[in-house]
Amino acid sequence: MRKDIRTLSLILIAASVMSLALSFSSAAQANPFSDIPAGHWAYDAANMLASQGIMTGYGELFKGRHLITRYEMASALARSLAKADLKHATQAQLKMIQNMTAELSEELDALGVTLDKTDRRLAKIEERLGGWSLSGSVNFDANFMDGDAGDPANKFKLARFRLNIMRSFGEKGDNYFYAQMDNYRQRDDKTYKINEVEYSSYFSKVYADFGLGSDWRMRVGLFSVDYETSDMVYSTGRFGEYSQGAWLTDINKDAIAVSKSFNLGYFSAYAYGRDRFATSDDSMGVSALVALQFNEKLALNIGFDHKNVDNETTTLDSLTTIWVAPKYEITPNIGLRGAYYTQFAGYSAAETYAPDERPSAWRVLLDVKQRLLKYTSLWVEYNKIDKNFVMTSGSESLMLSDHDQRDFFSSNNIGGDLEIFRIGLNQVWSKRWSSWLYYAKYKFSNYPILNEFGNIEHICPEMDEISAGLEYKMNDNISFSLAYFYHKYNEDANMEKERTLRFRTSIYF
């Protein structure tokens, strides 16, 4: 029994080393194994391992049910180490590699693999790290746009600066401290508009994450927890230059969180204080998520969030949101997902117009991978959001681009019923080149405004958002993207057309 457990541990460590090697490798080639048909759940993994020469199989056969020997595992490990970019490894990964090579030292020696060179690489990296790791990114934009009267047509700005600081600690190296520094652009307290001139650097995240035993973990400090998974949010491609944000979560808070893994998935919960960088101060809140993975195809997330609102500018006293998000993978290349949200709102006084005390929202989407369509991926999504549904993350997170004129998306509260239809096409042409095409339609109904006589009128503003982009990855550290955004409004919106051409330089270090 102990030997079986040790063998399983070796397999898991080997998989980690292989993943480190593959993360810095080129795209896969055609699958050479005749006993793994297209559509099989292991097709892509076997394809990638074979294309990198890590798993060679048995002639034209992979023999997926064949028991791997220690010599075969040692051979795969040796090939993985030869390809792995160890300078990007974390302290925990370095410890796993050391454990793996020590356990299989005899087999590696028999295969003629010299560990001295690998040991020197590891020692040098460990000495450089000293338990610490630094990374970061810089996005610099050159914008050429239609501007309002008095605004400059061309804007050059540091779109984002981010510095990540991490230190692993503990005997296993799986506990860690993390801090993230960002540039922060000030917002006007009344209009909520971003000040394009005044900004400063600040630590947006500072926390420690550590194990409690029995698969329980705890996190304390300033951090965000994203309970709306990335596969529910459209992104323009490999570099994630432009994407929608989470509706309710993924906000940096002073918080304490716990999580636990179990057979069907995991449970996570956290209690948080106010958002120190937003105009809306939430005095306290609690959020929880149960993520269930029933099988390879079917999954379900159940989320809960409650907050007490302490803000003199709103009559909203409390807000409770419950949501369910099912996911069904029809095939490995076709995914069907959805989410339904309902809110219970408490108000301290009557609004100018009667609020909806139980607004809801739902969304459904179809995601088709490029592996199936060959030349492009396909993302089709429909959203229906009731008036007064509160977007904790800010309703501007509904849009793809971060352009300057978002009058109907400038607050957390959706003032009118809103429908959104979007379609996205992403293309990966090579290791370096990719592109995207995107269209979205935003349609309000019964949006209340005060007219010149002080009476409430209900209008139906609409907006079309069109985007196209081209991305070039020069190397692992530098990429460039050229993006075009076009926004067209109807008469009720009372806004001019907008065109923006944006050249972005992204540096990762």
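This passage describes the nonpolar cores, aromatic pairs, salt bridges and unusual backbone angles of a predicted model.

The largest nonpolar core of the model contains 44 residues. Within this core, the residues with the most contacts are W247, Y341, I385 and Y442. Strand 15, which spans residues 433-445, supplies the largest share of the core, namely five residues. A second core, separate from this one, has five residues, among them V309, L316, A345 and V390.

Y341, one of the residues with the most contacts inside the largest core, was examined for its surroundings. When neighbours within four places in sequence are left aside, the contacts of Y341 are E228, W247, L248, T321, I322, W323, S360, A361, R363 and F389. W247 is therefore both a contact of Y341 and, like Y341, among the residues with the most contacts inside the core.

T321, another of the contacts of Y341, belongs to strand 10, which covers residues 316-331. The relative accessible area of T321 is 1%, so this residue counts as buried. Its side chain is joined to that of Q343 by a polar contact of 3.1 Å. With neighbours within four places in sequence again left aside, T321 is in contact with L248, G303, F304, D305, Y341, T342 and Q343. L248 thus appears in the list for T321 and also in the list for Y341.

Aromatic rings were considered next. A pair of aromatic rings is described by the distance of the centres and the angle of the planes. The search of the whole structure gives 16 aromatic pairs. In one of them, formed by Y178 and Y207, the ring centres are 5.4 Å apart and the planes stand at 45 degrees, so the pair is classed as tilted. This pair links distant parts of the chain, since Y178 is in strand 3 (residues 175-187) and Y207 is in strand 4, 29 residues apart. Y178 counts as buried because its relative accessibility is 14%. Y207 is also buried, with a relative accessible area of 9%.

Y178 and Y207 belong to a cluster linked by ring pairs, which also includes Y176, F223, Y227, Y270 and Y272. One member of the cluster, F223, has a charged group over its ring: the charged end of R219 sits there, 5.6 Å from the ring centre.

Side chains of opposite charge can pair when their charged atoms come close. The search of the whole structure finds 14 salt bridges. One of these joins D141 and R502, with 3.9 Å between the closest N and O atoms. The two residues come from distant parts of the chain, D141 from strand 1 (residues 132-145) and R502 from strand 20 (residues 498-508), and are 361 residues apart. D141 and R502 are both buried.

A further salt bridge is formed between the side chains of R337 and E329, with an N to O distance of 3.7 Å. R337 has a relative accessible area of 5% and is therefore buried. E329 is likewise buried, at a relative accessible area of 18%. In the salt bridge between K369 and D367, the closest N and O atoms are 3.1 Å apart. K369 is partly exposed because its relative accessible area is 30%, whereas D367, at 8%, is buried. Through shared partners, salt bridges join E329, R337, D367 and K369 into one network.

The backbone was also examined for the sign of phi. Most residues other than glycine have a negative phi. S214 is not a glycine, yet its phi is positive, near 55 degrees. S214 is located in the loop between strand 4 (194-213) and strand 5 (216-223). With a relative accessibility of 59%, S214 counts as exposed.

D250 is a further non-glycine residue with a positive phi, of about 65 degrees. It lies in the loop between strand 5 and strand 6 (253-262). The relative accessibility of D250 is 40%, so this residue counts as partly exposed.

Note on methods
Residues are numbered from 1 along each chain as its sequence is written. This is a predicted model: local features need pLDDT of at least 70, side-chain atom pairs count only at pLDDT 80 or more; totals for chains, interfaces and linings use all residues. Side-chain values use heavy atoms; hydrogens and water are left out. A nonpolar core is a set of buried Ala, Val, Leu, Ile, Met, Phe, Trp, Tyr and Cys residues joined through side-chain atoms within 4.5 Å. Buried means under 20% relative accessible area, exposed over 50%, partly exposed in between (1.4 Å probe, protein chains only). Helices (H or I, at least four residues) and strands (E, at least two) are DSSP runs, numbered from the N terminus. Contact means heavy atoms within 4.5 Å. Rings of Phe, Tyr and Trp (its six-membered ring) pair if their centres lie within 6.5 Å; planes under 30 degrees apart count as stacked, over 60 as edge-to-face and the rest as tilted. A charge sits over a ring if NZ of Lys or CZ of Arg is within 6 Å of the ring centre and within 35 degrees of the ring normal. A salt bridge is a side-chain nitrogen of Lys or Arg within 4 Å of a carboxyl oxygen of Asp or Glu. A polar contact is a pair of N or O atoms within 3.5 Å; within protein, one must be able to donate a hydrogen and the other to accept it, and residues adjacent in sequence count only if both atoms are side-chain atoms.
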